[in-house]
Amino acid sequence: MKRKVIVLGGGIAGLTSAINIKKTIKTSDVTIIDNSQFHVFKPFLHDLLTNKKRVENVVIPFSGITKSKGINYENKKALSIAPEQKHVRTGTEKISYDYLILAIGGEPNYHNIKGVKTHALTFHNIIDVTRLKESVSTSLSKARNMKGDKLNELLTFTIIGGGVGSVELACYLKELVQKKMREYNIKKNARIIIIGNNKKILKNFPTSIRKKVISRLNDLRIETLLGYEVKQIRKNHVLLKNKIVRSGTIIWCGGVKPNNVVKESRLKTKNGGVLVNSTLQSTSHNSVFTMGDCAFLVNDNFNKSFSKNAYNTLKQANLVSKNLLNWIKDKKMRKFKPSRNKGFLRLGSDFAIFYYKNLVLQGFLISKIYAIILKHRFNLSKTI
Ligand SMILES: Cc1cc2nc3c(=O)[nH]c(=O)nc-3n(C[C@H](O)[C@H](O)[C@H](O)COP(=O)(O)OP(=O)(O)OC[C@H]3O[C@@H](n4cnc5c(N)ncnc54)[C@H](O)[C@@H]3O)c2cc1C
């Protein structure tokens, strides 16, 4: 019997699980539904800022990947999911499924702060890369004919958020700005500022890693303004308590929340994400497997969430295909074990930090190793 599997969202989670499901369950009819025509490998988006990767290695058309793998692809935007009726609604159409793999990712979380959506850029997708590059070029081009406060404003680039996304982006932005300054022959110094509401940068990381990150930021002369909550953003102004930062380019990196479609669906949620158990099934509807940035996993043994990153997402995607097969065959399913104390931080195109428990390594070689690991884990080299 053909089993109809709908994979909603073809990001890291959806694309990896679709390929694996088609391989492991030969009788399955697998369809990826995505509102974009392209798979975007987000961990490499920074490399597009510095032109260290070619666009075609980061943004890959679904049509080129799915056909050869025997997977169907539909370019549609899902509006909601009806898990009782087992269908996904896209506009006027209802697409039915036997099993749903829900992997529609996340979106920037503005925390309802006034002016963020209008006056700040985000860094979440390919369009954001283009906008940021344009903003840097426009600011520096204008700066050539400016003096005084306006010149300082145009040469100030502010990133809001004290987490991994901000710190990584700041290092890559530094490279981009320096390159453009040389092109525009601007001799003054540009400022890159990270604003965080916590007094510590990367507050959830151990001191040994934080120290290395701070030292890297210092080496790159990236400034930090920590312990400041953003009250409002106006055109070229970040309003903090008792302080205003004037900045020609403002980028919001204040966190990611699960995709809004989840809210429109009758699945049990927590913190905006689909609540899943350790087998990665929705706790309210077990024919829906969910993972990646749109899921909220509560471990069976202890109520503790874990960091959402490409590494954990890939682990989940590999497990989902195995668990779907086991579930169909009525076999015991495996539990997802998140990686908590292992990871990489990429602080520029030629510098990364690797940490595993108490071991912390850093440098050029680590950045190259990480790029190779990411590429091969995701099998990009085989996919394209
Ligand atoms: C700039 C950036 C850099 C990062 N760097 C790293 C890194 O170096 N290391 C690391 O471990 N992690 C990194 N991450 C985090 C990592 O990329 C994410 O955790 C991972 O991409 C999550 O995968 P996902 O499949 O859940 O979501 P996504 O990759 O976001 O995929 C979601 C998919 O769903 C589709 N979609 C969304 N809404 C709809 C809809 N309504 N209908 C149909 N389709 C829809 C989207 O088009 C997309 O294809 C980074 C994230 C970003 C944004």
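The shell around the ligand in this predicted model divides into 12 nonpolar, 12 polar and 6 charged residues. There are 30 residues around the ligand, and those that come nearest are Gly9, Gly11, Gly105, Gly292 and Asn309. Three elements each supply at least two residues of this shell: helix α1, residues 12–24, strand β2, residues 28–34, and helix α9, residues 310–328.

Let me stay with α1. How far apart are its end C-alpha atoms, and what should its 13 residues span? The end C-alpha atoms are 18 Å apart, and at 1.5 Å a residue the expected span is 18 Å, so the two values agree. As to its surroundings, 10 of the 13 residues of α1 are buried, and the helix is therefore largely enclosed by the rest of the structure. The buried residues are Ile12, Ala13, Gly14, Leu15, Thr16, Ser17, Ala18, Ile19, Ile21 and Lys22. A lysine, Lys22, is thus included in the buried set. These buried residues pack against the strands β1 (3–8), β2, β3 (38–40) and β9 (99–102), and against the helices α3 (62–69) and α9. Two of these packing partners, β2 and α9, also supply residues to the ligand shell, as does α1 itself.

I turn now to the division of the chain. Domain 1 consists of two segments, 3–108 and 257–340, while domain 2 covers 116–254. The centres of domain 1 and domain 2, taken over C-alpha atoms, are separated by 32 Å. Where the domains meet, 8 residues of domain 1 are in contact with 14 residues of domain 2. On the domain 1 side, helix α2, residues 45–49, gives the most, with 4 residues. That side has 6 nonpolar and 2 polar residues, and no charged ones.

Next, glycine 115. This glycine is located in the loop between β10 (106–108) and α4 (116–119). Is glycine 115 buried or partly exposed? It has 18 C-beta neighbours inside 10 Å; a residue needs 20 or more to be buried, so glycine 115 counts as partly exposed. Leaving aside residues up to four places away in sequence, glycine 115 touches Gln232, Ile233 and Arg234. Its C-alpha atom and that of arginine 234 are separated by 5.8 Å, although the two residues are 119 apart along the chain.

Strand β18, residues 249–252, deserves a few words. Thr249 and Ile251 point one way from the strand, Ile250 and Trp252 point the other way, and all are buried. Which strands does β18 pair with? One is β11, residues 121–122, which runs parallel to β18 and is joined to it by 2 bridges. Within that pairing, leucine 121 has isoleucine 251 as its bridge partner. Another is β12, residues 156–160, also in the parallel sense, over 4 bridges. Here threonine 158 is partnered with isoleucine 250.

Finally, two backbone details. Lysine 86, in the loop between β6 (80–82) and β7 (87–90), has a phi near 55°, a positive value in a residue other than glycine. With 19 C-beta neighbours inside 10 Å, lysine 86 counts as partly exposed. Asparagine 271, in the loop between β20 (269–270) and β21 (273–276), likewise has a positive phi, of about 50°, and is not a glycine. Asparagine 271 is exposed, with 9 other C-beta atoms within 10 Å.

Terms used. Residues are numbered from 1 along each chain as its sequence is written. This is a predicted model: local features need pLDDT of at least 70, side-chain atom pairs count only at pLDDT 80 or more; totals for chains, interfaces and linings use all residues. A residue is near a molecule or strand if its C-beta atom, placed from the backbone, lies within 6 Å of it. Ala, Val, Leu, Ile, Met, Phe, Trp, Tyr, Cys and Pro count as nonpolar, Asp, Glu, Lys and Arg as charged, and the others, Gly among them, as polar. The expected span of a helix is 1.5 Å times one less than its number of residues. A residue is buried if 20 or more other C-beta atoms lie within 10 Å of its own, exposed if 12 or fewer, and partly exposed in between; C-beta atoms are placed from the backbone. Two residues are in contact if their C-beta atoms, placed from the backbone, lie within 7 Å. Domain bounds come from an automatic or database domain assignment. Two strands pair if DSSP finds at least two bridges between them.
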